[in-house]
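This report describes a predicted model. It takes up single positions, then the chain fold and its helix packing, and lastly the contacts between the partners.

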There are 2 protein chains.
Amino acid sequence: MPERKPRKDAARNREAVLAAADALFARGTSPEDVTMADIAAEAGVGKGTLFRAYGDRSGLLRALYEARLEPVTEAVESGPSPLGPDTPPQERALALLDAVLCFKLDNRRLALALEGSGSGSPYRAVHYERWHGLLQAVLEEIPGLTGAGDFTAHALLAATRADLVEHLAGQEHVEREWMRTQLADFVARVTAGASTGS
Amino acid sequence: MPERKPRKDAARNREAVLAAADALFARGTSPEDVTMADIAAEAGVGKGTLFRAYGDRSGLLRALYEARLEPVTEAVESGPSPLGPDTPPQERALALLDAVLCFKLDNRRLALALEGSGSGSPYRAVHYERWHGLLQAVLEEIPGLTGAGDFTAHALLAATRADLVEHLAGQEHVEREWMRTQLADFVARVTAGASTGS
DNA sequence: AACGTAGCGGACCGTGGGTCCGTTTTGCAA
DNA sequence: TTGCAAAACGGACCCACGGTCCGCTACGTT
């Protein structure tokens with residue numbers, strides 16, 4: 001097995017970089033003005049280190065995102081109802097989308113930076129595919145949605161896009177709870193209606 | 001009146017630039033590799049000209065987009081059913097979204113370049129606000145959607161985001177007609193269901 | 001203690017958006 | 001026509017930022 005344990009200063013630096021990035025994104029400035037050099041400086045580390053650790057900008061963003069997302073993923077894969085697997089599909093779809101929305105609300109800048117980082121569409125990201133795959137599977141179990149799971153999952157997830165969330169929460173000052181209600185309503189309408197197709 | 005007529009070479013160059021950009025985007029290459037210098041070269045014009053005419057990259061993109069979109073806008077504002085104003089709301093909502101989808105399918109690269117051009121979220125663009133305002137108004141007239149028009153309009157439009165369309169049509173090779181059907185289905189479900197709210 | 005190597009860091013590079021300013025073109029008027 | 005001021009041109013130039021390179025440092029192993 002080619003698994004070689006990393007040197008401990010390396011590990012420490014990886015952490016420092018993540019923390020630094022986190023701090024900078026929290027620090028209100030709009031995501032695209034947070035430069036790689038900034039992050040390196042904040043972490044007290046050379047730029048080279050940062051690129052060696054994460055490959056490129058979107059790699060770093062992805063790692064940070066993934067780390068923040070982990071608890072949610074956990075809860076979805078093996079947690080209790082309504083997020084966990086032992087939940088009737090309609091209710092679970094609702095819970096999933098609410099979880100995504102809340103996550104994006106809590107990590108607005110980060111999510112924004114990640115989806116906005118040009119390199120490749122957000123739709124090729126692993127975490128997107130995870131959400132989409134899961135949501136699709138859940139939706140397919142709802143009567144009247146058979147065959148429409150794929151597109152419907154995309155469409156519903158699109159309603160939680162980082163820049164939309166940012167627009168509503170940031171510019172338009174829409175209240176968190178109001179947004180959750182609206183999304184829940186929307187999802188309910190989608191999952192409740194009868195199919196129009198053949 | 002501060003309206004001063006532009007010099008005719010200026011007008012000619014503006015046109016040339018638009019045409020050049022159009023040609024380059026049609027030429028298959030992914031939108032972010034179409035550089036300003038490329039466009040200037042293709043138009044047989046200096047970079048300065050291009051920036052003087054349109055301000056910056058996203059200005060140029062917006063102008064081009066707006067120009068292409070004009071016929072659709074026209075049809076929506078004063079055309080015949082089902083796009084025009086004399087259409088029952090539910091049917092019109094469907095037609096509007098179908099029109100947006102078709103437009104994005106026909107102008108994939110351009111739409112992608114515009115929405116992807118970092119400077120400001122797509123949600124502040126004039127054309128987005130036009131679509132959103134209109135769709136919202138239409139939705140509000142549908143029984144059961146009162147009060148939910150704003151968010152619902154955002155959510156439905158999100159299903160036609162350029163990168164999603166590109167992902168489905170470009171990477172996953174989803175058929176145009178199939179996509180239209182799926183979207184129609186989706187919209188129908190949203191506009192048909194009963195409200196969950198108070 | 002000594003040594004091989006993983007890791008470091010910041011000078012350096014290429015690219016692409018945007019600016020500047022000397023030169024050319026245009027349109028008006030004498 | 002010719003003269004002239006203003007508008008427009010164009011490409012050399014600037015700079016910020018992502019990403020690379022390579023001589024140096026410090027880890028950890030024997």
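S121(A) sits in the loop that links α6 (108–116) and α7 (126–140) of chain A. This serine counts as partly exposed because 19 C-beta neighbours lie inside 10 Å of S121(A), a number that falls short of the 20 or more required for a buried residue and exceeds the 12 or fewer that would make a residue exposed. Leaving aside residues up to four places away in sequence, S121(A) touches D163(B), E166(B) and H167(B).

The contact between the two chains takes 29 residues from chain A and 29 residues from chain B. On the side of chain B that touches chain A, α8 (149–158), α9 (162–171) and α10 (176–192) of chain B each supply at least two residues, and α10(B) gives the most, with seven residues. Sorted by class, that side of chain B has twelve nonpolar, eleven polar and six charged residues.

Turning to the fold of chain A, its secondary structure comes to ten helices and zero strands. The C-alpha atoms of chain A fill a box of roughly 60 × 50 × 30 Å along the principal axes, and 35% of the 198 residues of chain A count as buried. Where contacts in chain A join residues at least 6 apart in sequence, 65% of them join residues at least 24 apart.

Chain A is divided into domain 1 (1–55) and domain 2 (65–196), and the C-alpha centres of these two domains of chain A lie 28 Å apart. Their contact takes five residues from domain 1 of chain A and six residues from domain 2 of chain A. The side of domain 1 of chain A that touches domain 2 of chain A consists of four nonpolar residues, no polar residues and one charged residue.

How do helices α4 and α5 of chain A pack, and at what angle? Helix α4 (residues 57–78) of chain A and helix α5 (residues 89–106) of chain A meet at an angle of about 170°, with their axes 11 Å apart, which means that α4(A) is roughly antiparallel to α5(A). The contact is made by L69(A), V72(A) and V76(A) of α4(A), together with L96(A), A99(A) and F103(A) of α5(A). By class, this contact has six nonpolar, no polar and no charged residues.

The loop between α4 and α5 of chain A holds P82(A), and the peptide bond from S81(A) to P82(A) is cis, with omega near 0°. In chain B, P82(B) is found in the loop between α4 and α5 (89–106), and the peptide bond from S81(B) to P82(B) is cis, with omega near 0°. Helix α4 (residues 57–78) of chain B contains E74(B), which counts as exposed because it has 12 C-beta neighbours inside 10 Å. E74(B) and G84(B) are ten residues apart in sequence, and their C-alpha atoms are 8.9 Å apart in space.

Another backbone feature concerns a histidine of each chain. H173(A) has a positive phi of about 55° although it is not a glycine, and H173(A) belongs to the loop between α9 (162–171) and α10 (176–192) of chain A. With 7 C-beta neighbours inside 10 Å, H173(A) counts as exposed. H173(B), also not a glycine, has a positive phi of about 55° and lies in the loop between α9 and α10 of chain B; H173(B) is exposed, with 7 other C-beta atoms within 10 Å.

The protein surfaces near the two DNA strands can be set out by the class of their residues.

| DNA strand | Nonpolar | Polar | Charged |
|---|---|---|---|
| DNA strand C | six residues | six residues | ten residues |
| DNA strand D | six residues | six residues | eleven residues |

Around DNA strand C there are 22 residues, of which G46(A), G48(A), M36(B), G48(B) and D56(B) are the closest. Two or more residues of this surface come from each of α1 (8–26) and α3 (47–54) of chain A and α1 (8–26), α2 (36–43) and α3 (47–54) of chain B, while α3(A) gives the most, with four residues. Around DNA strand D there are 23 residues, and G48(A), D56(A), N13(B), G46(B) and G48(B) come nearest. Here α1, α2 (36–43) and α3 of chain A, together with α1 and α3 of chain B, each supply at least two residues, and α3(B) gives the most to the surface near DNA strand D, with four residues.

Notes. Residues are numbered from 1 along each chain as its sequence is written. Chains are lettered from A and ligands numbered from 1 in the order in which they are written. This is a predicted model: local features need pLDDT of at least 70, side-chain atom pairs count only at pLDDT 80 or more; totals for chains, interfaces and linings use all residues. A residue is near a molecule or strand if its C-beta atom, placed from the backbone, lies within 6 Å of it. Ala, Val, Leu, Ile, Met, Phe, Trp, Tyr, Cys and Pro count as nonpolar, Asp, Glu, Lys and Arg as charged, and the others, Gly among them, as polar. Axes are lines fitted to C-alpha atoms, for helices over the stretch in contact, and angles run from 0 to 180 degrees between N-to-C directions. Angles under 35 degrees count as roughly parallel, over 145 as roughly antiparallel, 65 to 115 as roughly perpendicular and the rest as oblique. Two residues are in contact if their C-beta atoms, placed from the backbone, lie within 7 Å. Domain bounds come from an automatic or database domain assignment.
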